[in-house]
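Hi,

Here is the structure I said I would pass along. Have a look at it first, and then read on for what turned up.

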Amino acid sequence: MISSDAVPLVSIVMGSRSDLEQLESARELLTSYAIPHDVRVLSAHRNPEQLACFIREAEGRGTRVFIAAAGGAAHLAGVIAAHTTLPVLGVPMTSSLLGLDSLLSIVQMPRGVPVATFAIGKAGAANAAIFAVQILAASDAKLRSELKRTRVEHANALAAASRIA
Ligand code: RP5
């Protein structure tokens, strides 16, 4: 169970409230692994000072991973990475250019300030959350065994549903 006063280990930051729907799976996954997390709308271009302040404070509080979701000229993840050496997982949001603009903006970070980039939209959001759990699990044996158990459960469910005719 996530206690409300637990230190958020993962911070989900999105560029606009309009991104929220694509990120629901990320929130659900982190909750299912009982990972304390927070969720913020902070834009790299609309409120840059607030964003920088939040990243510094989050790191000071004990956040270990950032998930950054943005669409269009999606510089949010890169800007977050500029303010921290913690891992930043970038999720391109679907956009008027189907999210290809967001994907290319996030994935093409110049050498030296990396952002791990995931698939466009909901699948990417879910995978970023799982990846965040995997990062935390590197130093948490219990979490590692939960991840393994989930993989086995998914494989079993797939096997049980494999017969179509
Ligand atoms: C980006 O611009 C946001 O991440 C969002 O995906 C996109 C559109 O934002 P809104 O105009 O809906 O606020 O910064």
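Let's start with helices H2 and H3. This is a predicted model, and in it the axes of H2 (residues 48-61) and H3 (residues 76-83) come within 10 Å and cross at roughly 50°. An angle under 35 degrees would count as roughly parallel, and 65 to 115 as roughly perpendicular, so H2 ends up oblique to H3. The crossing itself is right-handed. On the H2 side, the residues involved are Leu-51, Ala-52, Ile-55, Arg-56 and Glu-59, and they meet Leu-76, Val-79, Ile-80 and His-83 of H3. Sorted by class, that contact between H2 and H3 has six nonpolar residues, one polar and two charged.

Next, the sheet. It is open, with five strands in the order S2-S1-S3-S4-S5, and the pairing is parallel. Which strands sit at the edges? Those are S2 (37-41) and S5 (116-117), each of which pairs on one side only. If you want a spot to zoom in on, try S3 (residues 65-70) and S4 (residues 88-92), which pair in the parallel sense over five bridges. There, Ala-69 stands opposite Val-91 in S4. H2 comes back into the picture here, since the helix packs on the sheet and touches S1 (10-14), S2 and S3. The direction of H2 makes about 170° with that of S1.

On to H1 and H5. The axes of these two helices come within 7 Å and cross at roughly 25°. That angle falls under 35 degrees, which means H1 is roughly parallel to H5. H1 passes H5 in a right-handed crossing. From H1, the contact uses Ser-25, Ala-26, Leu-29 and Leu-30; from H5, it uses Lys-122, Ala-125, Ala-126, Ala-129, Ile-130 and Val-133. By class, the residues in this contact of H1 with H5 come out as eight nonpolar, one polar and one charged.

H5 has a second helix partner to look at, H6. The axes of H5 (residues 122-137) and H6 (residues 141-160) come within 8 Å and cross at roughly 140°. To count as roughly antiparallel the angle would have to be over 145, so H5 and H6 are oblique to each other. Ile-130, Val-133, Gln-134, Leu-136 and Ala-137 of H5 meet Ala-141, Leu-143, Arg-144, Leu-147 and Arg-151 of H6. Here the split is seven nonpolar, one polar and two charged. Ile-130 and Val-133 are worth clicking on: both are listed in the contact with H1 and in the one with H6.

Last, the salt bridges. How many does the structure hold? There are five. One to pull up is Lys-122 with Glu-21, where the closest N and O atoms are 3.2 Å apart. This pair links distant parts of the chain, with Lys-122 in H5 and Glu-21 in the loop between S1 and H1 (24-32), 101 residues apart. Lys-122 is also one of the H5 residues in the contact with H1.

Cheers

Note on methods:
Residues numbered from 1 in each chain as written. Predicted model: local features only at pLDDT ≥ 70, side-chain atom pairs only at ≥ 80, totals over all residues. Heavy atoms only, no water. Axes fitted to C-alpha atoms, helices over the stretch in contact; angles between N-to-C directions. Helix = DSSP H or I, 4+ residues; strand = E, 2+ residues; numbered from the N terminus. Left-handed = near helix turned anticlockwise from the far one by under 90°. Contact = heavy atoms within 4.5 Å. Nonpolar A, V, L, I, M, F, W, Y, C, P; charged D, E, K, R; others polar. Pairing = 2+ DSSP bridges. Salt bridge = Lys/Arg side-chain N within 4 Å of Asp/Glu carboxyl O.
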